[in-house]
Amino acid sequence: MKMCFIVIMLISSCNGCSCKVAFSSYISEDSANSQSASMVNRDIIIFDRTEGNYGVGYSTRTGKFTAPSSGVYGFTWTFCVDSRTTDGGPLNYGEYGTQLMAGNSLIAVLHTDTETLYDDACSTGFIIKYVSEGTEVYVRNNFEHQGKILSVNSHTRTTFSGWKL
């Protein structure tokens, strides 16, 4: 009976405005390799690891954050591309375009490109946006990419994070 009461208190403490909501996710090296090999235009990018997921709004399975309550949120994503692999020609190193989506609405864009061997590139986007309860926010690829995503624990990480203000 005591355990049931604790669970009920935990669930009820995250209703409405009082809930602390924040997440920090990144792509593991294995996931970066597999997504790079199979990604096509408009695929959702899956950030399969979390450093924190307060309010439990982010899903490592779907790559989507679902707003548990309406309000103003900050979102940031850093996308890195590898300069050590090419898709053919001498200048076809890593190049990706990404879009930050809220439901079916485009809310921000980012482009990351490197054309020089051993010169990895990262780009970061940031936005503050009102998001309604239940809206899914996610990052997707927005054109046919070149090369591969760079996300290696010992080197750099491709990340997606957000928090309610």
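Val56 is placed in the loop between strand S2 (49-54) and strand S3 (64-66); helices (H or I, at least four residues) and strands (E, at least two) are DSSP runs, numbered from the N terminus. The phi angle of Val56 is positive, about 50 degrees, although Val56 is not a glycine. With a relative accessible area of 67%, Val56 is exposed; the term exposed stands for over 50% relative accessible area, buried for under 20%, and partly exposed for values in between (1.4 Å probe, protein chains only). A positive phi is also found at Arg42, a residue other than glycine, where the angle is near 75 degrees. Arg42 belongs to the loop between helix H2 (29-38) and strand S2 (49-54).

The model is predicted: local features need pLDDT of at least 70, side-chain atom pairs count only at pLDDT 80 or more, and totals for chains, interfaces and linings use all residues. Residues are numbered from 1 along each chain as its sequence is written, and side-chain values use heavy atoms, with hydrogens and water left out.

**Confidence**

The protein chain has a mean pLDDT of 85, and 84% of its residues reach 70 or more; pLDDT is the predictor's confidence in each residue, on a scale from 0 to 100. Residues 1-14 have pLDDT below 50, and beyond near neighbours in sequence this stretch has three contacts in the model, a contact being heavy atoms within 4.5 Å. Where pLDDT is low, the predicted coordinates should not be read in detail.

**Strand pairing**

Two strands pair if DSSP finds at least two bridges between them. Strand S4 (71-81) takes part in two of the pairings tabulated here.

| Strand pair | Sense | Bridges | One of the opposed residue pairs |
|---|---|---|---|
| S4 and S7 | antiparallel | 11 bridges | Gly74 and Ile128 |
| S4 and S9 | antiparallel | six bridges | Trp77 and Phe160 |
| S1 and S9 | antiparallel | five bridges | Ala22 and Trp163 |

Phe75 also has a bridge partner in S9, namely Gly162. Of the 11 residues of S4, 10 are buried, so this strand is largely enclosed by the rest of the structure.

**Nonpolar core and aromatic rings**

The largest nonpolar core comprises 28 residues, and those with the most contacts inside it are Phe65, Phe75, Leu100, Val137 and Phe160. Such a core is a set of buried Ala, Val, Leu, Ile, Met, Phe, Trp, Tyr and Cys residues joined through side-chain atoms within 4.5 Å. At least two residues of this core come from each of strand S4 (71-81), strand S5 (95-102), strand S6 (105-113), strand S7 (121-131) and S8. The most is given by S4, with five residues. In soluble globular proteins, nonpolar side chains tend to be buried together.

There are 11 aromatic pairs in the structure. Rings of Phe, Tyr and Trp (its six-membered ring) pair if their centres lie within 6.5 Å; planes under 30 degrees apart count as stacked, over 60 as edge-to-face and the rest as tilted. The ring centres of Phe75 and Phe160 are 6.5 Å apart and the planes lie at 25 degrees, so this pair is stacked. Phe75 in strand S4 and Phe160 in strand S9 are 85 residues apart, and the pair thus links distant parts of the chain. Phe75 counts as buried, at 0% relative accessibility, and Phe160 is likewise buried, with a relative accessible area of 0%. Ring pairs join Phe75 and Phe160 with Phe23, Phe47, Tyr58, Phe65 and Tyr73 into a cluster.

**Gly125 and Thr158**

Gly125 is located in strand S7 and counts as buried at 8% relative accessibility. Leaving aside neighbours within four places in sequence, Gly125 is in contact with Phe75, Thr76, Trp77 and Leu110. The C-alpha atoms of Gly125 and Phe160 are separated by 9.6 Å, the two residues being 35 residues apart along the chain.

Thr158 occupies the loop between strand S8 (136-141) and strand S9 (159-164). Thr158 is buried, its relative accessible area being 0%. The side chain of Thr158 reaches the backbone oxygen of Leu150 at 2.7 Å. Apart from neighbours within four places in sequence, the residues in contact with Thr158 include Ser25, Tyr26, Ile27, Phe47, Thr78, Phe79, Cys80 and Leu150.

How values were computed
A polar contact is a pair of N or O atoms within 3.5 Å; within protein, one must be able to donate a hydrogen and the other to accept it, and residues adjacent in sequence count only if both atoms are side-chain atoms.
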